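Colleague: Could you take me through the charge pairs and the nonpolar core here, and back up each label as you go?

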Amino acid sequence: QVRLLESGGGVVQAGGSLRLSCAASGSIVSINSMSWYRQAPGKQRELVASIIGGSRTTYVDSVKGRFTISIDNAKKTVYLQMSSLKPEDTAVYYCNGLPAIYTWGPGTQVTVSS
């Protein structure tokens, strides 16, 4: 069983930055293709960023140029560097595989105040 634990969320003002981390543990040998998702209140969970094969990255249009996804395979950790944050980025952020094949972790809350 694979366990995912997200961290790094918090409350920031618009324009600020945060770095999210997601540590994978359990029966997982390596992480080369992972994604970050988010769910805002009253909305469906959406795919925000993906890293494929450890290098190729894709982003939803609303975060392009502001978010960067990366992986440290030795630490089995995936990161999401978020900058120029906007109030509409407020959500609970989750990581998972691509596709989302693992049990969801608790997520980490990101709140951006205007």
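**Charge pairs and core**

Modeller: Sure, starting with K64 and D61: they form a salt bridge, with the closest N and O atoms 3.0 Å apart. Bear in mind that this is a predicted model.

Colleague: What makes K64 and D61 a salt bridge?

Modeller: The cut-off is 4 Å between a side-chain nitrogen of Lys or Arg and a carboxyl oxygen of Asp or Glu. K64 and D61 come to 3.0 Å, so the pair qualifies.

Colleague: And how do you know whether K64 and D61 are buried or exposed?

Modeller: Exposed means over 50% relative accessible area, and partly exposed runs from there down to 20%. D61 has 59%, so D61 is exposed. K64 has 48%, so K64 counts as partly exposed.

Colleague: Which residues are joined into one network by salt bridges that share partners?

Modeller: R38, E46, R66 and D89. The structure holds four salt bridges. One of them pairs R38 with E46, at 2.7 Å between the closest N and O atoms, and another pairs D89 with R38, at 3.0 Å.

Colleague: What does the D89 and R38 pair tie together?

Modeller: D89 sits in the loop between strand 8 and strand 9, while R38 belongs to strand 4, so the pair links parts 51 residues apart in sequence.

Colleague: Why is R38 called buried?

Modeller: Buried means under 20% relative accessible area, and R38 has 5%, so R38 makes the cut. D89 is buried too, at 0%. E46, with 30%, is partly exposed.

Colleague: On to the nonpolar core. Which residues touch the most other members of the largest one?

Modeller: W36, F67, L80, M82 and Y93, out of 27 residues in that core. Among the elements that give two or more residues to this core are strand 1 (2-7), strand 4 (34-39), strand 7 (67-72) and strand 10 (108-113). Strand 3 gives the most, with four residues.

Colleague: How do you know that a residue such as Y93 belongs in a nonpolar core?

Modeller: Membership takes a buried residue of a listed type, Tyr included, joined through side-chain atoms within 4.5 Å. Y93 is in the core, so Y93 meets those conditions. Leaving aside residues up to four places away in sequence, Y93 touches several others, including L20, W36, F67, L80, M82 and V110. Its contacts also include E6 and R38.

Conventions. Residues are numbered from 1 along each chain as its sequence is written. This is a predicted model: local features need pLDDT of at least 70, side-chain atom pairs count only at pLDDT 80 or more; totals for chains, interfaces and linings use all residues. Side-chain values use heavy atoms; hydrogens and water are left out. Buried means under 20% relative accessible area, exposed over 50%, partly exposed in between (1.4 Å probe, protein chains only). Contact means heavy atoms within 4.5 Å.
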